[in-house]
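The exercises below are meant to be worked through with the sequence and the coordinates side by side. Try each task before reading the solution that follows.

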Amino acid sequence: LRLQDSMRRAKSRINWSDVHGLLLLDKPSGLSSNQALQRARQIYAAAKGGHTGSLDPLATGLLPLCFGEATKIAGMLLGAFKAYEVECELGIITDSGDSDGAVVEQRAVPDLDAARIESALAPLRGRIEQVPPIYSALKRGGEPMYRLARRGESVEIAARTVEGRAFDLLARVGNRLHLHVECGSGTYVRSLVRDLGEALACGAHVTRLRRIWVEPFRNPVMVTLDQLGQLADSGFDALDRLLLPIEQGLAGYPVVVLDPAQALRLGQGQGVASTAPAGICLAKSGDGRLLALAEVGPDARMRCLRGFNLP
């Protein structure tokens, strides 16, 4: 309680400010995604912030953070494809599906060759039905499942459709497999490993998990919390240089430049005549300022989907 009170007092002393942009954070192991977000947010003194999809406390790697107006695209990044490097241990099953959990069963590991492992991996690629782990942030009755599980309550979770582009064996060292995963929104890597272990008739759990990219950030230059703390001593200019503009999170959409009259009408919620192809686009001003995420309809009129109030 004393620590919580101290943190609240520290927050009350921060002069929060408008900070806009994306930060590619290298989340450390041992922190929840929200804890990592709040630490970064305090360093930046950012009045508004959000993250783009939780990483387990065990996990490390890319956690895109959105500050200010960038929070308006957080949902789009949340639904993006992601890639992970995974290490799992065969023969041991834990209640959480990773090494943070308690061991609930141990089994002998059968003789396995590359072909046998590949035959177990193959059905877990593509569009599959997956049951999320009971220790997850999914909610029932407004309460996260992991809290119900910790209280010993019976937790039943329905399967849901998820999509994986890759689930491949990189190497094997004893009973440990090193895997590469590329998957869509809502996929639990712990569940993939759990199901792989069952297919191999020995069980498995995640021992290491690192997110290496999130679309569209395929080759991310990440920064750690320690690096942010060190840069904070140099002032906000050094920190601001790490922030990416919002449009980098919207890479791939065509850009449409509007004249001042068109920009005004779009900002007022009116449709704007456009010769751009139908579909989603980025509306910008003549000086390159991002105005909106917009959509051109079949009637050749552009309408605002998300407006940005950037300085």
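**Exercise 1. Cysteines**

Is cysteine 183 buried or exposed? Decide as well how cysteine 281 should be classed, and state how many disulfides there are.

*Solution.* The structure is a predicted model, and its values are computed from the predicted atoms. Cysteine 183 has a relative accessible area of 1%, and because the limit for a buried residue is under 20%, cysteine 183 is buried. The next step treats cysteine 281 in the same manner: its relative accessible area is 2%, and it is buried too. The last step is the count of disulfides, which requires a pair of cysteine sulfur atoms within 2.5 Å, and that count comes to 0.

**Exercise 2. Confidence and overall make-up**

What is the mean pLDDT of the protein chain, and over which residues is the pLDDT below 50? Then describe the chain as a whole.

*Solution.* The mean pLDDT is 91, and 89% of the residues reach 70 or more. Residues 1-9, however, have a pLDDT below 50, and this stretch makes 0 contacts in the model beyond near neighbours in sequence. Where pLDDT is low, the predicted coordinates should not be read in detail.

Turning to the make-up of the chain, there are 9 helices and 17 strands. Of the 311 residues in the protein chain, 44% are buried. Among contacts between residues at least 6 apart in sequence, 67% join residues at least 24 apart. The chain exposes about 15600 Å², of which carbon and sulfur atoms supply 50%.

**Exercise 3. Helix α6 and its surroundings**

Which residues of helix α6 are buried, and which elements do they pack against?

*Solution.* Helix α6 covers residues 189-199, and its buried residues are Val189, Arg190, Ser191, Leu192, Val193, Leu196 and Gly197. These buried residues pack against one helix-numbered element, α4 (114-121), and against the strands β4 (82-90), β7 (126-130), β10 (160-173), β11 (176-183) and β12 (204-214).

The final step looks just beyond the helix, where α6 is followed by alanine 201. This alanine belongs to the loop between α6 and β12, and at 51% relative accessibility alanine 201 counts as exposed.

**Exercise 4. Backbone angles outside the usual run of the loops**

What is phi of alanine 45, and where does alanine 45 lie? Which residues are joined by a cis peptide bond?

*Solution.* Phi of alanine 45 is near 55 degrees, a positive value in a residue other than glycine. Alanine 45 is placed in the loop between α2 (33-44) and β2 (49-51), and with 5% relative accessibility it counts as buried. Alanine 201 also has a positive phi, near 65 degrees, but alanine 201 counts as exposed.

The cis peptide bond joins glutamate 215 and proline 216, with omega at about 5 degrees. Proline 216 is found in the loop between β12 and α7 (225-232).

**Exercise 5. Aromatic rings**

How many aromatic pairs does a search of the whole structure find? Which arginine lies over the face of tryptophan 16, and which lies over that of tryptophan 213?

*Solution.* The search finds 1 aromatic pair. It is formed by tyrosine 44 and phenylalanine 67, whose ring centres are 5.3 Å apart and whose planes are 40 degrees from each other, so that the pair is tilted. Tyrosine 44 lies in helix α2 and phenylalanine 67 in strand β3 (residues 60-67), so the pair ties together parts that are 23 residues apart in sequence. Both residues, tyrosine 44 and phenylalanine 67, are buried.

For the charged groups, arginine 41 lies over the face of tryptophan 16, at 4.4 Å from the ring centre. Arginine 218 lies over the face of tryptophan 213, at 3.7 Å from the ring centre.

**Exercise 6. Two further alanines**

Is alanine 238 buried or exposed, and which residues does alanine 102 touch?

*Solution.* Alanine 238 lies in helix α8 (residues 236-240) and, at 9% relative accessibility, counts as buried. From alanine 238 to leucine 228 the C-alpha to C-alpha distance is 9.1 Å, and the two are 10 residues apart in sequence.

Alanine 102 is found in the loop between β5 (92-94) and β6 (103-106), where, at 43% relative accessibility, it counts as partly exposed. Not counting residues up to four places away in sequence, alanine 102 touches Ile93, Thr94 and Asp95.

How values were computed:
Residues numbered from 1 in each chain as written. Predicted model: local features only at pLDDT ≥ 70, side-chain atom pairs only at ≥ 80, totals over all residues. Heavy atoms only, no water. Buried < 20%, exposed > 50% of the residue type's maximum accessible area, 1.4 Å probe, protein only. Helix = DSSP H or I, 4+ residues; strand = E, 2+ residues; numbered from the N terminus. Contact = heavy atoms within 4.5 Å. Areas by Shrake-Rupley, 256 points an atom, 1.4 Å probe, with all protein chains shown as cover. Phe/Tyr/Trp six-rings, centres within 6.5 Å; stacked < 30°, edge-to-face > 60°. Lys NZ or Arg CZ within 6 Å of the ring centre and 35° of its normal. pLDDT = per-residue confidence, 0-100.
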